Number of protein chains: 2
Amino acid sequence: MTQPRSATIKDVAAAAGVGIATVSRVFSGTGSVSAATRERVLAAARELDYRPSALGRGLKLRRRGGIGLIVPDVTDPFCAELVAGVLACARTLGEHVIVDAAHGDPAREAEILDRLVEQRVDGVIAVPAGREADWRAAARVCSSVVFADRVLPGLPEIPAVLADDAGGVRSLVEYLVGLGHRTIAFLGAAPPGVPREEPGTPLGVRERAFRDTLAQLRVPVEEDLVVAARPAGDAAYAAAAGLLQRRADVTAVLAAGHLLGEAAVLVARELDLRVPADVSIAMVDDVAWAELCDPPLTAVARPARDIGYRACELLLRDRARRGRGGPVLLPTELVVRGSCGAIRTARAPGRGTPRHP
Amino acid sequence: MTQPRSATIKDVAAAAGVGIATVSRVFSGTGSVSAATRERVLAAARELDYRPSALGRGLKLRRRGGIGLIVPDVTDPFCAELVAGVLACARTLGEHVIVDAAHGDPAREAEILDRLVEQRVDGVIAVPAGREADWRAAARVCSSVVFADRVLPGLPEIPAVLADDAGGVRSLVEYLVGLGHRTIAFLGAAPPGVPREEPGTPLGVRERAFRDTLAQLRVPVEEDLVVAARPAGDAAYAAAAGLLQRRADVTAVLAAGHLLGEAAVLVARELDLRVPADVSIAMVDDVAWAELCDPPLTAVARPARDIGYRACELLLRDRARRGRGGPVLLPTELVVRGSCGAIRTARAPGRGTPRHP
DNA sequence: GCCTCCCCTGGAAACGATTCCATGTTGTTT
DNA sequence: AAACAACATGGAATCGTTTCCAGGGGAGGC
């Protein structure tokens, strides 16, 4: 209400009695300005509440700082950590971040991407949902793209930062087999967010690691125990319930994601299964509630924050190093808590009956 | 690599054999263009991978769409939901969102705000951390500001969207008293993120509601049971442990936030207290793990997503209605689960001894 | 005393889009 | 047939900033 329009560089120049070039030099730090003049300019700017406009600057410099970040869902704990990592890194580099959620919808993702290109961000970090064509086009137009947590199979030239999911699942399977488990179920047999049946989609890295590790340990893989499930509330619950009711002899469940783990915990409770006495449960993704469960859940911790941080670094700092040597793999860590036990006693009969029939 | 610089409106105009004004009209939708010309322009644009630059447009229109969102921490489930709400609303209005986390640091908040002003966003939504002066200055310079979830006491003219925390705490206290509890502890006696001792800071709305409701129900408030605690991991845990060890006669704990609730649950488990037999626990904020706890936690659900959505609406749509009639209050809901029980038996002796001494 | 060099400084031309205004080109009405 | 309205189009100014270029002035070296 004080000024109808905010002050421009011209106003400051007039107020300070100097040329606009001098004001620009004071604020952009380039060139040399005498101390007296600088002080006069700063005083005038303060007086007028002047803030340089990123619009004018961006237009002239043909780039307008800032990066775009596309995740499936900001409320997902893993994604939230990833976002936090990107924000932390962007902050150190003085960049801002435009965040949006695609909710696994390729059309929405393309839309967001369009908008980011229009905004002329310096680069885009994405947990991609699909549609390689969109990303191929984006990579042509947009300055640069880095994938995080997932890749698109047809785009090996786009740098990526991933968690070592295979290693995580392997150590978890080894741990379970070491405890004596032989009848281990895998809940979530599909790459996250992508139905297994989709043509051209590779089997999920986690499922492959599950199968490979069991094979290596000479434990037969029962197809009946490898359950496809989308990582969404209802679908996950249904899959977990189906599994545990169908196969009363399962001694351990490996959930491929935290939503699937949540479903497993809830179903086990509903079926009155004691954890870990009746069934051991472990999952990929060490989210906050894993520690609050009773018993606390054993999980593979994936470095979500680091993934975000590294992706941002890769995008903005290590431009030279980008694309060399395939995706960056960040290590996972097996966090052993109380939800997995050694096989001791035979399973109690009568299990599988819902607590509230 | 195809083009060194992305195509501009001039390139498109040249390629289509028309003037730049015509191209602009085609893309901005204003004015009239013959169908044939429009088609030629669109074809040329497609050929050149042309995307209008928001920089040029923003400069001319003296506004550059987009809104800023400042939250304490994107990994906090409540904040994440709030962000999701803002994103959802912004999407319907075709705006993008610059998100950043202030981590409760007023200096950092001011820095972010500076950057947003520099970016000339259309408006800012914030969960403010402090320093009214900064916000007063921002409100003068920046187009518009809306507070979410919290307000700054000295700035009643800035519109705000809040949860009805007082109502939520009241219904929770009434519920606990109704179950027979008389020795109820309040964990987190300070406005979220602001130390109680800070001069000029009002007592937290939740604490006041706690006291008022108890008084109204003629239950005396013991100062010893109103425990100040910052909602951070260690501090919360220490406060909860101190409380439950000091006062073995507490029958119910009301945690003022989800981090405090988490602490209460962990401490209760550590001290071998059965929930709800030995102690009832309830908290403000219904986060995902509340349902996964054993027993599931009774909580006051605050509409985080709606708060974000409404705040965004208020910022962008209801400009006219802004500031009228004080802050918007959104209702909370008491979600009763299994963590609060009626008082039946005397407390078991010997409690208060850590499980692992 | 003069020349050169360097430091400050201001003018003006970009940057990419919108938009007013003027100009042509139709189609319609009297 | 003439006049006028409506539409289609291009030119040019404009937005706020950076930056090149040129010019002025003081200091130092010969």
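This report covers the symmetry, DNA surfaces, cores and backbone of a predicted model with two protein chains and two DNA strands.

In this predicted model, local features need pLDDT of at least 70, side-chain atom pairs count only at pLDDT 80 or more, and totals for chains, interfaces and linings use all residues. Residues are numbered from 1 along each chain as its sequence is written, chains are lettered from A and ligands numbered from 1 in the order in which they are written, and side-chain values use heavy atoms, without hydrogens or water.

**Symmetry**

Two copies of a chain are related by a rotation about an axis and a shift along it. Here, chain B is superposed on chain A by a rotation of 180 degrees with 0.0 Å of shift along the axis, at an RMSD of 0.1 Å. That is the relation of a two-fold axis. The same surface serves both copies: 98% of the contact residues of chain B recur in chain A. The fit is by least squares on the C-alpha atoms of residues with pLDDT of at least 70 in both copies. Contact means heavy atoms within 4.5 Å. Of the residues of chain B, B:Ile98 comes closest to the rotation axis, with its C-alpha at 2.1 Å.

**DNA strand C**

A residue counts as near a strand if one of its heavy atoms lies within 4 Å of it. DNA strand C has 30 residues around it. Those that come nearest are A:Gly19, A:Thr22, A:Thr37, B:Ile9 and B:Ser24. Sugar or phosphate supplies 66% of the strand C atoms within 4 Å of the protein, and bases the rest.

Which helices build this surface? Helices α2 (20-28) and α4 (54-61) of chain A, with α2 (20-28) and α4 (54-61) of chain B, each give at least two residues. Helices are DSSP runs of H or I with at least four residues, strands are E runs of at least two, and both are numbered from the N terminus. By class, the surface near strand C has 12 nonpolar, 11 polar and seven charged residues. Ala, Val, Leu, Ile, Met, Phe, Trp, Tyr, Cys and Pro count as nonpolar, Asp, Glu, Lys and Arg as charged, and the others, Gly among them, as polar.

**DNA strand D**

DNA strand D also has 30 residues around it. A:Ile9, A:Ser24, B:Thr22, B:Ser32 and B:Thr37 come nearest. Sugar and phosphate make up 64% of the strand D atoms within 4 Å of the protein. Helices α2 and α4 of chain A and α2 and α4 of chain B each supply at least two residues of this surface. Its residues divide into 12 nonpolar, 11 polar and seven charged.

**Polar contacts to DNA**

A polar contact is a pair of N or O atoms within 3.5 Å. The table lists examples for both strands.

| Residue | Protein atom | DNA atom | Distance |
|---|---|---|---|
| A:Thr37 | side chain | phosphate oxygen, strand C | 2.4 Å |
| B:Ile9 | backbone | phosphate oxygen, strand C | 2.4 Å |
| B:Ser24 | side chain | phosphate oxygen, strand C | 2.6 Å |
| B:Ser32 | side chain | phosphate oxygen, strand D | 2.7 Å |
| B:Thr37 | side chain | phosphate oxygen, strand D | 2.4 Å |
| A:Gly56 | backbone | base nitrogen, strand D | 3.3 Å |

**Cores**

A nonpolar core is a set of buried Ala, Val, Leu, Ile, Met, Phe, Trp, Tyr and Cys residues joined through side-chain atoms within 4.5 Å. Buried means under 20% relative accessible area, exposed over 50%, and partly exposed in between, with a 1.4 Å probe on protein chains only. The largest core has 105 residues. A:Phe210, A:Val253, A:Trp289, B:Phe210, B:Val253 and B:Trp289 touch the most other members. Another core, of 60 residues, lies apart from it and includes A:Leu87 and B:Val161.

Beyond four places in sequence, B:Trp289 is in contact with residues of both chains, including A:Trp289, A:Leu292, B:His258 and B:Met283.

B:Glu95 is buried, with a relative accessible area of 13%. It sits in the loop between α5 (77-92) and β2 (97-101) of chain B. Beyond four places in sequence, B:Glu95 touches residues including A:Arg115, B:Arg63 and B:Asp122.

**Backbone**

Most residues other than glycine have a negative phi, and most peptide bonds are trans. A cis bond joins A:Val275 and A:Pro276, with omega about 5 degrees. A:Pro276 is in the loop between α11 (258-270) and β9 (280-284) of chain A. The bond from A:Asp294 to A:Pro295 is also cis, with omega near 0 degrees. A:Pro295 lies in the loop between α12 (289-292) and β10 (298-301) of chain A.

A:Asp49 has a positive phi, near 60 degrees. A:Asp49 is in the loop between α3 (35-48) and α4 of chain A. B:Asp49 has a positive phi of about 60 degrees.

Key
A polar contact is a pair of N or O atoms within 3.5 Å; within protein, one must be able to donate a hydrogen and the other to accept it, and residues adjacent in sequence count only if both atoms are side-chain atoms.
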